[in-house]
Amino acid sequence: MMVRNVVIGMLFVTVIAPIVLYTDRLGTFTASSSSSSSSSNEFVEDVTAFAFNGDSRRLNVLPQESSAKIKEPIGVVYSDNSTQSLPNSGEAVEESSADASEQDLQLEESREHASARVLSTTNDEKHSQRDITIKQVTDRVQEGNQVKPDADSEGESKEEAATDAESNEFHDVSGNTEVKREQSTERSGRVDKREPAKARPEKQNERATIPDARVRHLKDQLVRARVYLSLPATRNNPHFTRELRLRMKEVQRALGDASRDSELGRNAYDKLKAMEQTLTKGKQIQDDCAAAVKKLRAMLHSTEEQLRVHKKQTLFLTQLTAKTLPKGLHCLPLRLTTEYYTLNTSQQHFPNQDKLEDPQLYHYALFSDNVLAAAVVVNSTITHAKDPAKHVFHVVTDRLNYAAMRMWFLVNPPGKATIQVQNIEEFTWLNASYSPVLKQLGSQSMIDYYFRTHRGNSDSNLKFRNPKYLSILNHLRFYLPEIFPKLDKVLFLDDDIVVQKDLTALWSLDLKGNVNGAVETCGESFHRFDRYLNFSNPLISKNFDPHACGWAYGMNIFDLKEWRRQNITDVYHTWQKLNHDRQLWKLGTLPPGLITFWKRTFPLEKSWHVLGLGYNPNVSQKDIERAAVIHYNGNMKPWLEIGISKYRNYWAKHVDYDHVYLRDCNINP
C-alpha cells in the first residue's frame with residue numbers, strides 16, 4: 001500500500017504536474033500575445049492616421065507597415081515580464097525558453113529566431129518611425145503655416161516631396177521587412193544630413209518669428225472684433241458688445257500709429273491679452289458659422305476693391321508727380337534767363353568753338369530741357385575723363401530753356417572740355433514736311449489724345465500720356481547725321497544718367513558694320529520686342545521676331561558713317577508714316593528705335609550701362625559700382641521727391657548745392 005502511494009506520487013510529480021504547469025504558462029502567453037497584438041495594431045492605426053490640429057492625414061514620409069504584414073509568433077513561451085521588455089523581445093524569449101525542456105527548446109529554436117527578428121524589427125522600427133514621422137509632419141505643418149516661405153523652406157519642401165515619392169515607391173515594390181528597415185534608416189539619415197537635429201529647432205524658430213508680430217496681432221484682433229460686432233449673436237448680447245467695443249478702443253489707443261513692435265507702448269501686451277480673452281468669449285457666443293463666413297467674404301471683397309482703387313490712384317499720382325516740375329527747378333531757369341540777358345554780347349560766347357566739328361575728338365549729344373540734369377551729365381563725365389580737353393559736349397534744348405542752359409555753362413564751364421548749347425528752333429531743316437513725327441505731334445488727333453479729359457479714363461497705360469512724348473527733343477536722336485554732318489561717331493546720352501568711368505574706349509569700339517552700339521535688356525520677358533510692338537498687326541509680325549532682345553536708349557554709340565551709308569533716317573520715316581494711327585506701337589522713341597535699328601545694333605557689355613534706378617529698388621549694388629553709366633530710367637528721377645533715396649547720392653554728389661543759384665531757388669539735397 002505504501003509502495004503504491006509512492007508510485008502514484010511520483011507519477012503525479014513527473015507527468016501531471018508538468019502538464020498543469022505547461023498549460024498555465026501557455027494560457028499566460030496567449031493572453032499576453034493577444035494584448036500585445038491588439039496594442040500593436042492600435043499603435044499602427046494611430047500613427048498611420050495621425051491627426052494634427054484636427055486635420056487627419058496619413059503619414060507618408062517613411063514606409064508604413066500594416067498589421068496584416070506582421071506575423072504573430074506561434075509556440076514561443078514568454079516570461080511573465082515579457083510585455084515590459086518588448087523592445088528587447090529577443091532577450092525575453094531566451095529567458096523564458098531557459099525554463100522549458102530541452103526538447104521544447106530544440107523544437108522552438110527556429111521559431112524563436114524568426115519571431116525575435118520579426119518582433120524586434122517591427123517594434124524597434126515602429127518606435128523610431130513614430131519619432132521621426134511625427135517630427136517631420138509637425139515640421140512640415142509649421143512650415144506651411146508661415147506667412148511667406150523663404151527660399152530655403154521652398155527648397156526643403158521640394159526635397160521632402162522627393163523623399164515622399166521615393167518612400168511610396170519603395171513601399172509598393174518591396175515587401176521585405178529587413179530591406180525596409182535599411183531603407184528607412186538610410187532615408188532618416190538623409191533627413192538628418194539635410195539639417196542637423198540640434199540646428200533644426202533654431203531654424204524653425206527663425207522661420208516662425210515674424211517681424212513686428214505683435215503689431216500684426218493687434219491689427220488682426222481689430223479685424224476679428226469688427227466681424228463679431230456685425231454678427232447677430234453679438235448684437236443680441238449688449239453686455240458682450242460693450243465689452244468688445246471697450247477692448248477695441250483700448251487696442252486702438254495702444255496701437256496708435258505704430259508700424260513696428262518697438263514703437264508700441266508698455267501696456268500693449270496687456271491690452272493684447274485682454275482683447276484675446278474677450279475674443280475667446282465671442283467665439284463661444286457665436287453659433288452661426290455661415291453668417292461669419294458671409295461677413296468675412298464681404299470684407300475680403302470690399303478690401304480687394306479698395307486695394308484696386310488705391311493702386312489706380314497711386315499710379316495716377318505717380319505719373320502726375322513725374323510730369324510736374326518741382327518749384328526749385330522751375331525757379332532755376334527763370335533766374336538764369338534773367339541773368340543771361342544782362343550779359344554783354346561778348347560775354348555770351350563759349351571758348352574753343354573750333355573743336356566742335358573735329359572728328360578726332362570725343363563728341364557727346366545731349367538733348368534736354370532740364371538745366372540741373374544736363375549739368376550732372378556733363379560734370380560726371382568730365383570728372384572721370386582721362387583727358388577732358390578732348391571731350392566735346394553738344395547740348396540741344398528748346399526755346400524756353402536756351403538762355404538758362406547757356407547761362408549755366410557760362411557760369412560753370414566744364415573745365416578744359418568744350419561745350420556747345422543749341423536751340424532746336426535753329427534747325428530750319430526740321431519741319432513737318434520733312435519729319436513725319438513732327439507732323440503727327442501737331443495733328444488734331446494727338447491734341448485730343450492728350451488734352452481731352454474723357455480720353456484719359458479709356459487708356460489703361462497712363463505712361464503713354466506723358467507730355468515728354470509731345471516734345472520733338474525726344475525724337476532728335478533719329479536725326480544725328482543731320483545735326484552733326486561732319487562727325488563720324490557720336491555718343492548719345494540721356495539727361496537722367498550719371499557717368500562713373502571714362503568712356504573714351506567706346507569711340508574705338510568695332511561695331512562690326514552696325515550703326516548702333518547699345519546694352520541689351522532682354523534679361524526679363526517684358527524687355528523683348530513683343531512688349532513694345534503690336535504683333536497682331538501683319539506689318540509687325542511679318543518683319544520682326546516677338547522674342548528678339550530689346551536694348552536701351554540712354555548711352556548709345558552711333559556710327560554716323562554707317563548711318564548715312566544705310567540711309568537709316570529714311571527707314572525711320574517710313575515706319576513713322578505707317579504708324580500714323582498708332583496701330584503698330586503707342587508712343588515714345590524706343591519702339592521706333594527697335595524697328596529702325598533692327599539687325600543693325602551691336603550688343604555692348606552690360607557693365608557699360610546699368611538701368612532701373614528710377615523704378616527698381618533692388619538693383620544690385622555690385623552692378624551699380626561696376627557700371628560705367630547708371631541710368632535713372634522710370635518715374636522716380638533723382639531730382640524728384642519720389643526718387644529712390646538709396647540711389648540719390650550717386651546723382652547728388654555731382655551737384656553743388658552751395659551754388660548761389662541753387663540756394664536762391666531753395667534747391668536742397
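Accessible areas here come from the Shrake-Rupley method with a 1.4 Å probe. With that noted, I started on the surface of this predicted model. For the chain I found about 37800 Å² of accessible surface, and carbon and sulfur atoms hold 53% of that.

Next I looked at the chain as a whole. I found 26 helices and 12 strands. The chain has 669 residues, and 43% of them count as buried. I also checked the contacts with a separation of 6 or more: 75% of them join residues 24 or more positions apart.

Then I picked one helix, α22, which covers residues 568-578. Which of its residues are buried? My list reads Ile 568, Thr 569, Tyr 572, His 573, Trp 575 and Gln 576. A reminder to myself: an α-helix has 3.6 residues a turn, so residues three or four places apart point the same way. I followed the buried residues of α22 to their partners and arrived at α15 (436-441), α18 (480-483), α20 (538-543), α21 (560-566) and α23 (590-596).

Last, I went looking for enclosed space. My search of the whole structure gave four cavities of 30 Å³ or more. The second largest cavity holds about 120 Å³. Its lining has 14 residues, and Val 437, Gln 440, Met 446, Gln 576 and Leu 587 sit closest to the centre. I was pleased to meet Gln 576 again, since I had already noted this residue as buried in α22. Which helix gives the most to this lining? That is α15, with three residues. By type, I sorted the lining into six nonpolar, six polar and two charged residues.

Key: Residues are numbered from 1 along each chain as its sequence is written. This is a predicted model: local features need pLDDT of at least 70, side-chain atom pairs count only at pLDDT 80 or more; totals for chains, interfaces and linings use all residues. Side-chain values use heavy atoms; hydrogens and water are left out. Helices (H or I, at least four residues) and strands (E, at least two) are DSSP runs, numbered from the N terminus. Buried means under 20% relative accessible area, exposed over 50%, partly exposed in between (1.4 Å probe, protein chains only). Contact means heavy atoms within 4.5 Å. On a 1 Å grid over the protein atoms alone, a cavity is a set of points where a 1.4 Å probe fits but cannot get out, and a pocket is an open set with protein on both sides within 12 Å along at least five of seven lines; lining residues have an atom within 4 Å of a point. Grid points are joined across faces, edges and corners, and a volume is the space filled by probe spheres set on the points. Ala, Val, Leu, Ile, Met, Phe, Trp, Tyr, Cys and Pro count as nonpolar, Asp, Glu, Lys and Arg as charged, and the others, Gly among them, as polar.
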